[in-house]
There are 2 protein chains.
Amino acid sequence: MPSSPAAVETARPIAVVLLSGGLDSCVAAAIAAQEHALALLHVNYRQRTEARELQSFHAIADRLHAAHRLVVELPSVAEVGGSSLVEGGPAVPAASFAVGEVPSTYVPFRNGQLLAIAVGWAEVLAARAIFVGAVEQDSSGYPDCRRPFFDAFEQAADLGTRPETRLRVVTPLIDLGKPQIVQQGLALGAPLELTWSCYQDNELACGVCESCLLRLRGFVGAGVPDPIPYRRRG
Amino acid sequence: MPSSPAAVETARPIAVVLLSGGLDSCVAAAIAAQEHALALLHVNYRQRTEARELQSFHAIADRLHAAHRLVVELPSVAEVGGSSLVEGGPAVPAASFAVGEVPSTYVPFRNGQLLAIAVGWAEVLAARAIFVGAVEQDSSGYPDCRRPFFDAFEQAADLGTRPETRLRVVTPLIDLGKPQIVQQGLALGAPLELTWSCYQDNELACGVCESCLLRLRGFVGAGVPDPIPYRRRG
């Protein structure tokens, strides 16, 4: 019996989306939702603002009607250390954006670790793609946010999974500036008011860490107000 | 002041070794120990025999005088499912070795997930290499145990870490048969009597799962008795 149009409509391919709960990952999820059923993955690696990020994750997942959601624990990131972003590390500094320097908020091979978990889940779900809201151009200069890294990881995922597993690693924001990301989010109706970007605080965004500064610049550049509350603004 | 010979001797490069506690990873650790200070990594992904594997991990780490050891939790593997090897999955089957088939004990992208954690730790330790006791030739046919996968992952690790981080992913057993692995372990004085390979049981090795059968064949082929106790043999 041929499938009815309704059945075809419901059988959308699945995309796993790494959703921290921040601006970029929210927009990446909204982009993925255009053609995929969403499987949203949040990883708790004991980042300082995990409680607030998780709240954003669930709120965004509700709003985007995610077909699947998964919250996983990865305590080893904080145990290994090496980053100011996680519990037990040095304090999060104010933004500096020193050229050519990897900032202290870099978490060693974080995107590799998150992607590896995503690949395992994607294989079980028979998903077709993994979406990551990584940004290379207008970013903090993390080595695991560059397109060549994602291309190499896609290759590793292809070689390290079952023959029938075919996963694209999609980075729709990689070459965009923050203002363009804000604009794209608004155009898609992404719930930007539900997102959380601050590296430092859980109640009011600090407004001075590099993540707050990048975000605020994005809204200013896009000519719209940032809908979330700040303690101070840059 | 130039370094004394003793100081040079103690400044050996660090290698992270994925050490489950099984035969292959124990031999890989013994090989790594020839030229490196050992940083031994064990991941608890709720495999059925974790309690027994962890006991082997610590016994081997003691014997090899590991400079660093780390045990991490990765509960998402069992939460995601898709494998008979983890808690909550279907039962571990007796060995079949059907040609061209990925067995139910395959854990989706396990080596990708373990390697990603290893890369993060290796970066913090400024290690030079990651050793993995993966075996391609005489194995269960897992897609993430093939050399092209490890080559691709090495490339991803290089691109996704700090510029000064240079990690080789070393798979010294990848082309060996089990008898050769046993012989190499014996030649290096690796503590094979401390290892655990069974997928099923924690007290006496079952002797019928694929891992037990591969191991037993290895000792038979090497012409030496397997020093661990079995409930039955093949």
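In which handedness of crossing does α7(A) pass α8(A)? Keep that in mind while you get your bearings; this is a predicted model, so start with its confidence.

**Stop 1: confidence**

Colour chain A by pLDDT. The average is 91, and 93% of the residues score at least 70. Now select residues 1-9 of chain A, where the pLDDT is below 50. Beyond near neighbours in sequence, that stretch has one contact in the model. For the model, the scores are ipTM 0.90 and pTM 0.91.

**Stop 2: α7 and α8 of chain A**

Back to the opening question: select both helices, and you will find that α7(A) passes α8(A) in a right-handed crossing. Two packed helices are described by the angle between their axes and the distance between the axes. Here the angle is about 70° and the axes are 7 Å apart, which means that α7(A) is roughly perpendicular to α8(A). To see the contact itself, show K178(A), P179(A), I181(A), V182(A) and Q183(A) on α7(A). Their partners on α8(A) are L214(A), R215(A), R217(A), G218(A), F219(A), G221(A) and A222(A). By class, the contact of α7(A) with α8(A) has six nonpolar, three polar and three charged residues.

**Stop 3: L192 of chain A**

Follow the chain out of α7 to L192(A), in the loop between α7 and α8 of chain A. Is L192(A) buried or exposed? It counts as buried because it has 23 C-beta neighbours inside 10 Å. Leaving aside neighbours within four places in sequence, L192(A) is in contact with L23(A), C26(A), G185(A) and P227(A). Try a distance label to P227(A): the C-alpha atoms of this residue and L192(A) are separated by 7.4 Å, although the two are 35 residues apart along the chain.

**Stop 4: helix α2 of chain A**

L23(A) and C26(A), which you just met as contacts of L192(A), are among the buried residues of α2(A). Select the whole helix, residues 23-32: it is mostly covered, with ten of its ten residues buried. What do the buried residues of α2(A) pack against? Show the strands β1 (14-18), β2 (37-44) and β4 (129-131), then the helices α3 (50-63), α7 (178-188) and α8 (210-222), all in chain A.

**Stop 5: where chain A meets chain B**

Bring chain B into view. In this model, 36 residues of chain A are in contact with 36 residues of chain B. On the side of chain A that touches chain B, β3 (68-73), α4 (76-80), α5 and α6 (147-159) each supply at least two residues. The most comes from α5(A), with ten residues. That side of chain A divides into 20 nonpolar, ten polar and six charged residues.

Zoom in on helix α5 (residues 110-125) in both chains: the two axes come within 8 Å and cross at roughly 170°, so α5(A) is roughly antiparallel to α5(B). By class, this contact has six nonpolar, six polar and no charged residues. Label G112, Q113, A116, I117, V119 and G120 in each of α5(A) and α5(B) to see which residues meet.

**Stop 6: two loops of chain B**

Finish at H65(B), in the loop between α3 (50-63) and β3 (68-73) of chain B. Although H65(B) is not a glycine, it has a positive phi of about 50°. With 9 C-beta neighbours inside 10 Å, H65(B) counts as exposed.

Then go to A126(B), in the loop between α5 and β4 (129-131) of chain B. A126(B) is not a glycine, yet it has a positive phi of about 55°. A126(B) is partly exposed, with 13 other C-beta atoms within 10 Å.

Conventions: Residues are numbered from 1 along each chain as its sequence is written. Chains are lettered from A and ligands numbered from 1 in the order in which they are written. This is a predicted model: local features need pLDDT of at least 70, side-chain atom pairs count only at pLDDT 80 or more; totals for chains, interfaces and linings use all residues. A residue is buried if 20 or more other C-beta atoms lie within 10 Å of its own, exposed if 12 or fewer, and partly exposed in between; C-beta atoms are placed from the backbone. Helices (H or I, at least four residues) and strands (E, at least two) are DSSP runs, numbered from the N terminus. Two residues are in contact if their C-beta atoms, placed from the backbone, lie within 7 Å. pLDDT is the predictor's confidence in each residue, from 0 to 100. Axes are lines fitted to C-alpha atoms, for helices over the stretch in contact, and angles run from 0 to 180 degrees between N-to-C directions. Angles under 35 degrees count as roughly parallel, over 145 as roughly antiparallel, 65 to 115 as roughly perpendicular and the rest as oblique. Ala, Val, Leu, Ile, Met, Phe, Trp, Tyr, Cys and Pro count as nonpolar, Asp, Glu, Lys and Arg as charged, and the others, Gly among them, as polar. A crossing is left-handed if the near helix is turned anticlockwise from the far one by less than a right angle, and right-handed if clockwise.
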